[in-house]
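User: Please take a close look at one residue and its surroundings, and then set it beside other parts of the model. I am new to this structure and would welcome a connected account.

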Amino acid sequence: MNRRSLSTSNSKRNIVFLLKLVAALCLLAGYIYHVLPQYENGYNASLIDKVERLESIDGPKIVLLGHSSLTFGIDSERIEEAFGMPVVNMGLHGGNGNAFHEEMAKYNVAQGDIYIICHSDYDDDNVIQDAMTAWSSIENHLNLWKILRVNDIGTMAKAFPIYLKHCLGYHSAGTGNQDPGGLYARSAFNEYGDVALLREGNQYTFEGEVVPPGIGDAAVDRINELNGYLTKRGATLLVAGYPIGNGNVTAEAAEFEAFQEQLADRLDCPVISNYADYMFDYRYFYDTNLHLNTEGVALRTGQLISDIKRWKSTGTDADMDMDEYADIIADDNLPHIDYMDQYLDALGKARDRYTIIISARDGASAAMSEELRKDFQAMGLSADWPRRAGDGYVAVVEQGQLIAEEFGDEELEVSGTFDSGSMAYSITIGQRNQGGGSSILLNGQEYSRHAEGLNFVVYSNETHRILDEVVFYTCSPESKAMR
């Protein structure tokens, strides 16, 4: 056989080999694609629905970017109602890394969009932290692969054999794509992308220090680049706070304020939150130091709405020096304060915006500490509260000005108007030892009728509405609110 014939024979064998290899690879790829996905009802698969909602909205929308502190920390419907714009909660899993979540902002950008980053750390290493988490998020949904950047390919490729091994195991056992139920399932999410299942109480114990996050060059540069990308398309990028457990292992508010100022100095986009406003008591956290229970969600959502409103009116960063209501509980959050000392502190700081109506009966104030007396004076009250059991007390403070105050053992009744005459009040307390309770009427409607305790009705002079009605049965710092 001559050399030419040998060369032709080898070429044919090589072509046959390559065709067989391609066929084998195609069969393998087809098999793998048939096996996948296996995590389609898990928590991370909620990304499928989030992206679908994001791509389905025409026109301006609000898009929240971050990890599970958003999924377990936001009531998106309230935000949508507050601003009349569709809201998409793109929060997912911290294991994906900050950059992964930021890339979600590049789906369906429209002029007038508002994107809000709510990271709990700004010193990341610019990589996917847990590639298995990322694989269980995107699987074989090719439209989700655009989230991956070029520098993520190596990380994802290294993790693919492990991911595939798990998928093959689930497939062969018939256990893949099952709904695990509970909070960590795709079915736990509502249409906005929030985990919507009720979460009561507190299952997490804060033991390690809670300190301000770091700020690194990689994160700053990446966010500034994203800001430029969105700005060119007529959208706006903002940075807002994240929930911070506030208690005995938490750093002082001043440290978080210092972090906030440094972050604002380094980012091109506005930082709209005062981070001290997001320092919530430990009891509002559910199962991690970043996941809120249902009460905590209401607090955090109300604060974020306030931040967005403030930014819309000023167009600038939040500023502690100019934030008249810094580090107080916002109006919508007042009904969630449970303990008297915290309640009085919030009222004292916001007294210039509120009308506060108080009635006390049957010695609720008899054992009042001097510290609590000072808290009441900070609201504008002048009298030395009655110390005898059975004495009654009524007062009305409008925007820090005392307009009515009476106390004694006889029947008490005061009436008048506030809010430029638009609200009429009438407060009555029955005579001592004759079983009379207290009654507070506002424009003819009765509020907080209780025979004992301290009754509060709080009215906002800014929004012209009742914010809260509550009774504390004993006047002590740890007295629990009853609503």
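Analyst:
**A residue and its surroundings**

Leaving aside residues up to four places away in sequence, phenylalanine 256 touches (heavy atoms within 4.5 Å) Val210, Val211, Pro212, Tyr242, Ile244, Thr250, Ala251, Tyr275 and Met279. The model is predicted, so local features need pLDDT of at least 70 and side-chain atom pairs pLDDT 80 or more, while totals for chains, interfaces and linings use all residues. Residues are numbered from 1 along each chain as its sequence is written, and side-chain values use heavy atoms, without hydrogens and water.

Phenylalanine 256 belongs to helix 9 (residues 253–266), a helix being a DSSP run of H or I of at least four residues, numbered from the N terminus. With a relative accessible area of 0%, phenylalanine 256 is buried (under 20%; exposed is over 50%, partly exposed in between; 1.4 Å probe, protein chains only). Isoleucine 244, one of the residues it touches, is twelve residues away in sequence, with 9.6 Å between the C-alpha atoms.

Leucine 168, in helix 7 (residues 153–173), has a relative accessible area of 31% and is therefore partly exposed. Its C-alpha lies 6.9 Å from that of valine 35, although 133 residues separate the two in sequence.

Helix 7 also meets helix 6 (residues 131–138): their axes come within 9 Å and cross at roughly 70 degrees (lines fitted to C-alpha atoms over the stretch in contact; angles from 0 to 180 degrees between N-to-C directions). The two helices are therefore roughly perpendicular (65 to 115 degrees). Among the residues making this contact are Trp135 and Ile138 of helix 6 and Phe160 and Tyr163 of helix 7.

Key
Parallel < 35°, antiparallel > 145°, perpendicular 65-115°, else oblique.
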